[in-house]
Amino acid sequence: MSRHHYSGDALIEVLHTAQELYGFLSPGLLKSIARKLRLPPSRVLGVATFYHFFSLKPKGEHTFVVCLGTACYVAGAPNVLTALEHRSTKAGTTTADGKVSVDGARCIGSCGLAPAVIYNGRILARVTPESISKELDRIGVE
Ligand code: FES
């Protein structure tokens, strides 16, 4: 925040850095950011909940974000999400052991790679239920 001179215009950059440092954006952290940037807490919360890459809850060791935008949806993303949920947990949640988090998102800007999944921050292209299942095998999800 000091690097950005505590400017409210740097809110997104500050939220990114805070999430990198702490893993997720807790209510206390959001309040602190709002106070230090002199922004209404509702604005900070609104930005944090608008963008899919910000998380208000702790994430699992492995994170999967299945794109459900139009191109990915048509190319089979719902089948990928179903396969993932069947082996791990429902979208928007983390497994009880903290190993896997699953989320859905609207277009992630990689439509040419549809169906696309962001896995641990990296984009996987042309994902199938079989390829996602192999990845779950690889990380030891039963
Ligand atoms: S619709 Fe999935 S990347 Fe655009």
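This report covers the fold, the domains and one residue of a predicted model.

## Overall fold

The chain has 142 residues. Its secondary structure comes to six helices and five strands. Three helices open the pattern, and a strand follows them. Two more helices come next, then four strands in succession. A helix closes the pattern.

## Dimensions and packing

The C-alpha trace spans about 50 × 35 × 25 Å along its principal axes. Buried residues make up 23% of the chain.

Contacts can also be viewed by distance along the sequence. Take the contacts with a separation of 6 or more. Of these, 57% join residues 24 or more positions apart.

## Two domains

The domain assignment divides the chain into two parts. Domain 1 covers residues 8-50. Domain 2 covers residues 62-138. The C-alpha centres of domain 1 and domain 2 are 26 Å apart.

## A look at Ile-12

Ile-12 sits in helix H1, which runs over residues 11-22. Is Ile-12 buried, partly exposed or exposed? Within 10 Å it has 14 other C-beta atoms. A buried residue needs 20 or more, and an exposed one has 12 or fewer. Ile-12 therefore counts as partly exposed.

Which residue lies 42 positions along the chain from Ile-12? That residue is Phe-54. The C-alpha atoms of Ile-12 and Phe-54 are separated by 9.7 Å.

Note on methods. Residues numbered from 1 in each chain as written. Predicted model: local features only at pLDDT ≥ 70, side-chain atom pairs only at ≥ 80, totals over all residues. Contact = placed C-beta atoms within 7 Å. Domains from an automatic or database assignment.
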